[in-house]
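These are notes on the model, set out as numbered points. Please read them with the structure open.

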Amino acid sequence: MSSTMLSTNAEYYMGMALKLAELGRFTTQPNPMVGCVIVKDETVVGTGFHIRAGEPHAEIHALNMAGSNAKGADVYVTLEPCTHHGRTGPCCDALMAAGIKSVIIATHDPNPVITSKGEIELSKAGIDIYYNVLRQQALDINRFYFHRFNDADKPYVIAKWAMTNDGLLTRPNSPYITGELAREHIHQLRQLADAILVGANTIRHDNPQLTNRLKHIPDELRRQPKRIILSSDASFKTNARVFNGEYQQLTQVISPSDNPDFLTQLKNNNINTLIVEGGGITLDYFFEQGWVDEIHVYIADCQTNSVDAIRQAAFIQDKHQFTMKETQQLGPDTFIRARIIQTGDT
């Protein structure tokens, strides 16, 4: 049992740690995003976040900033501190050596190498442990990471599409539906994904690149997702861009009729996060199969914060229920992120 009282400002400090964690959103893969705030006598003395795999963890950055002020302080961290030796040393050892008084953790780490081991080590050293402060927010920012360690037999599937404000998936006389800000935002998701999937008609009609062209990120950190074409007919134009150019080796054609377990095979081949980008037939197929976990919708020339706006898409039916997670105005367009309410969800 903890011998100290949890600060009345605990959620505030953990909120700071969560915001710090998200600073590593595009650089930490395959590691999770983690933020850390060190507080002594209700004064923040150290902050840090994990920047990229192989570099110091959030706790180490925060301890370095705090210096001797870490002794007797409280540590707020968004994910359970590690105890194992990887490319960096155990964070628990560093916390104990610094003389930390208590560690407040948003949620356990799902990695079996880490789960609950940090709590055990820190408790043995007489450090008070608190869990589940802003837990849902911590789970949300690392939802792809948590999915990797659950028992799901498929990737985490994100259905993504852009549409006009009256529900059309195409705009006459233009290759684009949304503006530049929305199109740049799409590449943020591609940076986080392991693969993009489209139907054959998207390749034949739109001839997309399906590459990650996210700006303002070093080339060595830019991740290129695999490109998966769902088609029972493998006849494509030889000049299709996904079969040519620098990343042609990342393209794979899959026939769902010949390979009905293709999603399980993708998960087994380390495709943990999959974006389904269209077209309408392919999106409808994934919704009908109950495979969609989350939706990302870009609505052109629209200002709304209502999840009901997505129901204009023809493949969204009354049986599909959603929980709003995020809305964002991107110039004239609206971005909506929502979670599918699955059977059994509470």
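1. Which residues does phenylalanine 26 touch, not counting residues up to four places away in sequence? The contacts are Gln188, Gln191, Leu192, Leu214, Ile217 and Leu221. Phenylalanine 26 itself sits in the loop between H1 and E1. The model is a predicted one, and this applies to every point below.

2. Two further values belong to phenylalanine 26. Its relative accessible area is 22%, and because buried means under 20%, phenylalanine 26 is classed as partly exposed. Phenylalanine 26 and valine 44 are separated by 18 residues in sequence, and their C-alpha atoms lie 26 Å apart.

3. On the chain as a whole: its secondary structure consists of ten helices and 13 strands. The radius of gyration is 22 Å, which agrees with the value near 20 Å that a compact globule of 346 residues would have. Along the principal axes, the C-alpha atoms fill a box of roughly 65 × 40 × 40 Å.

4. On burial and contacts: 50% of the 346 residues are buried. The chain exposes about 16600 Å², and 49% of that comes from carbon and sulfur atoms. Taking contacts between residues at least 6 apart in sequence, 71% join residues at least 24 apart.

5. One sheet is open and has five strands in the order E2-E1-E3-E4-E5, with mixed pairing. Strand E2 (43–49) and strand E5 (128–131) are at its edges; each has a single partner strand, so one side of each has no neighbour in the sheet. From one strand to the next, the twist averages 15°.

6. Within this sheet, strand E3 (residues 74–77) and strand E4 (residues 102–105) run parallel and are joined by four bridges. Aspartate 74 is placed opposite serine 102 in E4. Helix H2 (residues 58–66) packs on the sheet and touches E1, E2 and E3, its direction making about 140° with that of E2. Helix H1 (residues 10–21) lies across strand E1 (35–40), E2, E3 and E4, and runs at about 145° to E1.

7. Another open sheet has eight strands, ordered E9-E8-E7-E10-E6-E11-E13-E12, and its pairing is also mixed. Which strands stand at the edges? They are strand E9 (251–254) and strand E12 (322–330), each with a single partner strand, so one side of each is left without a neighbour in the sheet. The twist here averages 20° from one strand to the next.

8. At the E9 end of that order, strand E8 (residues 226–230) runs parallel to E9, with four bridges between them. Isoleucine 228 faces glutamine 252 in E9. Helix H7 (residues 180–192) lies across several strands, among them strand E6 (156–163), strand E7 (195–199) and strand E10 (273–278). The direction of H7 is at about 145° to E10.

9. Helix H10 (residues 280–289) has Thr282, Leu283, Phe286 and Phe287 buried. These residues cover an arc of only 135° around the axis, which puts them on the same side of H10. The general rule is that an α-helix has 3.6 residues a turn, so residues three or four places apart point the same way. Glycine 290 follows H10 and has a positive phi, near 75°.

10. Two cis peptide bonds should be checked against the model. One joins glutamine 29 and proline 30, with omega about 5°; proline 30 is in the loop between H1 and E1. Another joins glycine 278 and glycine 279, with omega about 0°; glycine 279 is in the loop between E10 and H10. As background, most peptide bonds are trans, and most residues other than glycine have a negative phi.

11. Where is glutamate 42 found? It is in the loop between E1 and E2. Its phi is positive, near 65°, in a residue other than glycine. Glutamate 42 counts as partly exposed, at 43% relative accessibility.

12. Serine 116 is not a glycine, yet its phi is positive at about 70°. Serine 116 lies in the loop between E4 and helix H4 (117–124). With a relative accessible area of 27%, serine 116 is partly exposed.

Key. Residues are numbered from 1 along each chain as its sequence is written. This is a predicted model: local features need pLDDT of at least 70, side-chain atom pairs count only at pLDDT 80 or more; totals for chains, interfaces and linings use all residues. Side-chain values use heavy atoms; hydrogens and water are left out. Two strands pair if DSSP finds at least two bridges between them. Helices (H or I, at least four residues) and strands (E, at least two) are DSSP runs, numbered from the N terminus. Axes are lines fitted to C-alpha atoms, for helices over the stretch in contact, and angles run from 0 to 180 degrees between N-to-C directions. Contact means heavy atoms within 4.5 Å. The radius of gyration is taken over C-alpha atoms; the globule rule is 2.2 Å times the number of residues to the power 0.38. Buried means under 20% relative accessible area, exposed over 50%, partly exposed in between (1.4 Å probe, protein chains only). Accessible areas come from the Shrake-Rupley method with a 1.4 Å probe; for residues, only the protein chains shown count as cover. The arc is that of the directions from the helix axis to the C-beta atoms.
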